[in-house]
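Visitor: I should like a close look at a single part of this model, the pocket, together with the helices and cores that surround it. Please take me through it in one connected account.

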Amino acid sequence: MTSASVHQKFSGLLIVIGSLVFVCGGAFHPRINSSLGALGSVEFFQNFYMHIAHHGSWRLIHGMILAGPLMWLLGVGSFWSGRSGWTRMATTAMTLAATAWAVTFVFDGFVAPDIVHWLTPETGWHVLAVNQDVVIRLGLVSWLMLGFSIIAGGVGILVSSRSKGAKVLASVGILLGAWSFIAWTTGIFLPGPFVSPYWNATAVSTAFWFLAVGAFLLVSALPQNAVEAEGQRAIRKESCLS
């Protein structure tokens, strides 16, 4: 097994683990919707404050949700393998998405419970409201960047000589990425995706798409361009030794 093949399978494993961790963390997150009160109201944030105060694993589940896209970023480059402009664009967008996602869930998963711990409900909800506004707005930016990266990476695969399986995954990914932009422009994801009734379905669908990508990397052969590149490196190495 070549170094490139080991790298591809390890990348696939990272994506699979990231998807499972992401879904597991999200499964234990309480529903944040109108049952807490009108979005943005005093009642909403006071009830949200109490949600955090009585949740024993708030930091843990948000750490898991945070970790998922970071692991996707580490592994997805093997799926988008190639040196086209589309691949570079996808990687850049995914890096921006993962960075914004990390900041979002540091605020949501670690700053928010500190606010609840140190401030009383009467005063703490004001600060919590500001914190969650950052979470919602930055979460939207992050998710749109993620969608854009999936679209750009998918286009790069469709215009390449990749396998039929890769192109099917790329096509599905493009539809998923496009949905985020449709939801944003139509107001479904405003002020952010986390408070949308379609958020759970969107997040789980995206996680399962990445899970499929990871499984594909684990079981598939190297793309032809990667095989050729590995062969060229071996030839250069032999030339240097001779």
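Guide: A residue counts as buried when its relative accessible area is under 20%. The model discussed here is a predicted one. By that cut-off Gln-8 is buried, because its relative accessible area is 4%. Gln-8 belongs to helix H1, and its C-alpha atom is 9.7 Å from that of Ser-81, although the two are 73 residues apart in sequence.

The setting of the pocket comes next. The chain contains eight helices and zero strands, so that its pattern along the sequence reads α-α-α-α-α-α-α-α. Its C-alpha atoms occupy a box of roughly 75 × 40 × 25 Å along the principal axes. Of the 242 residues, 43% are buried. The accessible surface amounts to about 12100 Å², and carbon and sulfur atoms account for 69% of that area. When contacts between residues at least 6 apart in sequence are considered, 80% of them link residues at least 24 apart.

The largest pocket has a volume of about 740 Å³. Its lining comprises 28 residues, and those nearest the centre of the pocket are His-29, Ile-32, Phe-194, Trp-199 and Asn-200. Two or more lining residues come from each of helix H1 (3–27), helix H2 (42–53), helix H4 (85–118), helix H5 (121–158) and helix H7 (199–219). By residue class, the lining holds 18 nonpolar, eight polar and two charged residues.

His-29, one of the residues nearest the centre of the pocket, is also a contact of His-62. His-62 lies in helix H3 and is buried, because its relative accessible area of 0% falls under 20%. Beyond its neighbours up to four places away in sequence, His-62 touches Phe-105, Asp-108 and Gly-109 as well as His-29.

Helices H1, H4, H5 and H7, which contribute to the pocket lining, also contribute to the largest nonpolar core. This core has 36 residues, and those with the most contacts inside it are Trp-72, Phe-79, Trp-101, Leu-146, Trp-209 and Phe-210. At least two residues of the core come from each of H1, helix H3 (58–76), H4, H5, helix H6 (164–185) and H7. Trp-72 illustrates how these parts meet: leaving aside neighbours within four places in sequence, it is in contact with Ile-15, Gly-18, Ser-19, Phe-22, Met-94, Leu-146, Thr-206, Ala-207 and Phe-210. Apart from the largest core lies another, of 14 residues, including Leu-36, Tyr-49, Ile-52 and Val-116.

Met-94, a contact of Trp-72, is likewise touched by Ser-149. Ser-149 is situated in helix H5. Ser-149 is buried, because its relative accessible area of 0% is under 20%. Its other contacts, with residues up to four places away in sequence not counted, are Trp-80, Ala-90 and Ala-93.

A final feature concerns the backbone. Most peptide bonds are trans. The bond from Leu-190 to Pro-191, however, is cis, with omega near 5°. Pro-191 is placed in the loop between H6 and H7, and H7 is among the helices that give two or more residues to the lining of the largest pocket.

Conventions. Residues are numbered from 1 along each chain as its sequence is written. This is a predicted model: local features need pLDDT of at least 70, side-chain atom pairs count only at pLDDT 80 or more; totals for chains, interfaces and linings use all residues. Side-chain values use heavy atoms; hydrogens and water are left out. On a 1 Å grid over the protein atoms alone, a cavity is a set of points where a 1.4 Å probe fits but cannot get out, and a pocket is an open set with protein on both sides within 12 Å along at least five of seven lines; lining residues have an atom within 4 Å of a point. Grid points are joined across faces, edges and corners, and a volume is the space filled by probe spheres set on the points. Helices (H or I, at least four residues) and strands (E, at least two) are DSSP runs, numbered from the N terminus. Ala, Val, Leu, Ile, Met, Phe, Trp, Tyr, Cys and Pro count as nonpolar, Asp, Glu, Lys and Arg as charged, and the others, Gly among them, as polar. Buried means under 20% relative accessible area, exposed over 50%, partly exposed in between (1.4 Å probe, protein chains only). Contact means heavy atoms within 4.5 Å. Accessible areas come from the Shrake-Rupley method with a 1.4 Å probe; for residues, only the protein chains shown count as cover. A nonpolar core is a set of buried Ala, Val, Leu, Ile, Met, Phe, Trp, Tyr and Cys residues joined through side-chain atoms within 4.5 Å.
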